[in-house]
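User: I would like to learn how to read a protein model, one feature at a time. Please show me how each idea is applied in practice.

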Amino acid sequence: MDKSEELRKPVLALIAHDQKKDDLVMFVSRHIAHFSNCQLFTTGTTGSRILAEHKNLDLMPLKSGPLGGDQQIGGLIAEGKIDGLIFFVDPLTPMPHDVDVKALMRLAIVYDIPMALNRSTAEILLTNFAEQADGELNA
Ligand SMILES: O=C(CO)COP(=O)(O)O
């Protein structure tokens, strides 16, 4: 691995179901220093909500989840382009695209991508990425 590869920004996928979007935007705000050093992919509406608060992030919104956004992120995972997935899931609302959500989670498991499905696990995931980045800087 050459130096530029070692120091490349972590690539994270961020997604939130509608009832969890406020929580995710707050989470991003709280950890903005960290997210400013990441390349981000999101589903459509999630990305718009985050960009409305934080215009300068390196963030690429894909299609909305029900229109294929979860599958696009799954495709990126299959191509090895995603280092971690933070997905604030709403467990209390039926979703028309539930199969897409399940397929995305399946691919994250298949490719052994760190996947946080709620806030407390997302905190652990971010801490881990931050520690890795510190380790690389001090190596
Ligand atoms: O439905 C979603 C994930 O399954 C999220 O999609 P949006 O970010 O477009 O609302």
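Analyst: Start with contacts: leaving out residues up to four places away in sequence, Lys-21 touches Ala-16, Thr-46 and Arg-49. Two residues are in contact if their C-beta atoms, placed from the backbone, lie within 7 Å. Residues are numbered from 1 along each chain as its sequence is written. The model is predicted, so local features need pLDDT of at least 70 and side-chain atom pairs count only at pLDDT 80 or more, while totals for chains, interfaces and linings use all residues.

User: Where is Lys-21 placed? Is Lys-21 buried or exposed?

Analyst: Helices (H or I, at least four residues) and strands (E, at least two) are DSSP runs, numbered from the N terminus. Lys-21 belongs to helix α2. For burial, count the other C-beta atoms within 10 Å of a residue's own: 20 or more is buried, 12 or fewer is exposed, and the range in between is partly exposed. Lys-21 has 18 such atoms, so Lys-21 is partly exposed.

User: Which residues does UniProt list under "binding site"?

Analyst: An unreviewed UniProt entry gives that annotation to His-17, Lys-21, Thr-43, Gly-44, Thr-45, Thr-46, Ser-64, Gly-65 and His-97. The positions follow the numbering used here, feature names are shortened, and annotations may be inferred rather than shown by experiment. Take His-17 from that list. His-17 sits in the loop between β1 (11-16) and α2 (21-30), and with 21 C-beta neighbours inside 10 Å it counts as buried. Apart from neighbours within four places in sequence, His-17 is in contact with Phe-88, Val-89, Asp-90 and Thr-93.

User: Which residue does the record mark as "active site"?

Analyst: The unreviewed UniProt entry places that feature at Asp-70. Asp-70 is part of helix α5 (residues 69-78). Asp-70 has 28 C-beta neighbours inside 10 Å and therefore counts as buried. Beyond four places in sequence, the contacts of Asp-70 are Thr-43, Gly-65, His-97, Asp-100, Val-101 and Leu-104. Thr-43, Gly-65 and His-97 also appear in the "binding site" annotation.

User: How many residues surround the ligand?

Analyst: A residue is near a molecule if its C-beta atom, placed from the backbone, lies within 6 Å of it. Here 13 residues surround the ligand, and the closest are Thr-43, Thr-45, Thr-46, Ser-64 and Gly-65. Two elements, α4 (44-53) and α5, give two or more residues to this shell. The largest share, 3 residues, is from α4. To sort the shell by type, Ala, Val, Leu, Ile, Met, Phe, Trp, Tyr, Cys and Pro are nonpolar, Asp, Glu, Lys and Arg are charged, and the others, Gly among them, are polar. On that scheme the shell has 3 nonpolar, 9 polar and 1 charged.

User: What is the order of the strands in the sheet?

Analyst: Two strands pair if DSSP finds at least two bridges between them. This is an open sheet of 5 strands in the order β3-β2-β1-β4-β5, with parallel pairing. At the edges are β3 (59-61) and β5, each of which pairs on one side only. Working across the sheet, β1 is joined to β2 (residues 39-42) by 4 bridges, with Val-11 opposite Gln-39 in β2. Between β1 and β4 there are 5 bridges, again parallel, and Leu-12 stands opposite Gly-84 in β4. β4 is then joined to β5 by 2 bridges, with Leu-85 opposite Met-115 in β5.

User: Which residues lie on the two sides of β4?

Analyst: In a regular strand the side chains alternate between the two faces of the sheet. For β4, one side holds Gly-84, Ile-86 and Phe-88, the other holds Leu-85 and Phe-87, and both faces are covered. In strand β4 (residues 84-88), 5 of its 5 residues are buried.

User: How many residues of α7 are buried?

Analyst: The number is 2 of 20, so α7 lies largely in the open. Length can be checked too: the expected span of a helix is 1.5 Å times one less than its number of residues. For α7 (residues 119-138) that gives 28 Å, and the end C-alpha atoms are 29 Å apart, which agrees.

User: What is the phi of Asp-112?

Analyst: Phi of Asp-112 is near 55 degrees, a positive value in a residue other than glycine. Asp-112 is in the loop between α6 (98-110) and β5 (115-116). Asp-112 is exposed, with 8 other C-beta atoms within 10 Å.
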